[in-house]
Amino acid sequence: MVSTLNKLIVSEYASLVKDQQGVVLLSMDELTVDESIHMRNLVRESGADLRVTKLRLAKVALAEAEIPIDLSEETGLTGLLVGDVEATLAAAKAIEKVWE
């Protein structure tokens, strides 16, 4: 059951990132629940999409989508921020401004 569920999740994430113009990976480990909710709202307002997942699932999904990235030094929860170029950049800038 668990491996079937993980396969479905990976497939969804791979198709989500595959045809996007912008993909940003965020470390979500250190965020409180309130900070995470605030981040999700910022992303939603910008028109992008944020999915929080285990790093292992993100690695497999990115590999399936043929997006080369070295995540060997990362750990924990990861946010996949995706969207068109403008929405992704707007979301990334809004997040950076809040957490300066």
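In this predicted model, A61 touches V10, Y13 and A14, residues up to four places away in sequence being left out of the count. A61 also belongs to the largest nonpolar core, which has 14 residues; V17, A61 and L80 are the members that touch the most other members. Helix 1 (2-18), helix 3 (55-64) and strand 3 (77-83) each supply at least two residues of this core. A second core, separate from that one, consists of 10 residues, including V43, L50, A87 and A91.

V60 lies in helix 3. The C-alpha atoms of V60 and V10 are 6.7 Å apart in space, although 50 residues separate the two in sequence. V60 has a relative accessible area of 35% and is therefore partly exposed, since that class covers values between 20% and 50%.

These elements belong to a fold with four helices and three strands. Followed along the sequence, helices and strands appear in the pattern α-β-α-β-α-β-α. The radius of gyration of the protein is 13 Å, close to the 13 Å given by the globule rule for 100 residues, so the protein is as compact as a globular protein of that length. Taken along the principal axes, the box filled by the C-alpha atoms is roughly 35 × 30 × 25 Å. Among contacts between residues at least 6 apart in sequence, 77% join residues at least 24 apart. The pair V60 and V10, 50 residues apart in sequence, illustrates separation along the chain combined with a C-alpha distance of 6.7 Å.

Helix 1 can be examined further through L16, which lies in that helix. At 15% relative accessibility, L16 counts as buried, because the class requires a value under 20%. With residues up to four places away in sequence set aside, L16 touches D49, R51 and V82. R51 is 35 residues from L16 along the chain, and the C-alpha atoms of the two are separated by 9.6 Å.

Helix 4 (residues 85-98) contains T88. Is T88 buried or exposed? Its relative accessible area is 4%, so T88 is buried. The contacts of T88, apart from those with neighbours within four places in sequence, are with G22, V23, V24, A48, L81, V82 and G83. V82 thus appears in the contacts of T88 and also in those of L16.

Helix 2 offers another buried residue, S36. The relative accessible area of S36 is 17%, and this residue touches M28 and L31 when residues up to four places away in sequence are not counted.

Two glutamates in loops present the opposite situation. E30 is placed in the loop between strand 1 (22-27) and helix 2 (33-46). With a relative accessible area of 72%, E30 is exposed, because exposed residues are those over 50%. E30 and L77 are 47 residues apart in sequence, and their C-alpha atoms lie 9.1 Å apart in space. E66 is found in the loop between helix 3 and strand 3. At 66% relative accessibility, E66 also counts as exposed. The phi of E66 is near 60°, a positive value in a residue other than glycine. Most residues other than glycine have a negative phi.

The account may close with the surface and charge of the whole protein. Of its 100 residues, 33% count as buried. The protein exposes about 6,500 Å², of which carbon and sulfur atoms supply 52%. There are 10 positive and 17 negative side chains, and the centres of these two sets lie 6 Å apart.

Key
Residues numbered from 1 in each chain as written. Predicted model: local features only at pLDDT ≥ 70, side-chain atom pairs only at ≥ 80, totals over all residues. Heavy atoms only, no water. Rg over C-alpha atoms; globule rule 2.2 N^0.38 Å. Buried < 20%, exposed > 50% of the residue type's maximum accessible area, 1.4 Å probe, protein only. Contact = heavy atoms within 4.5 Å. Areas by Shrake-Rupley, 256 points an atom, 1.4 Å probe, with all protein chains shown as cover. Lys, Arg positive; Asp, Glu negative; His and termini not counted. Charge placed at Lys NZ, Arg CZ, Asp CG, Glu CD. Core = buried A, V, L, I, M, F, W, Y, C linked by side-chain atoms within 4.5 Å.
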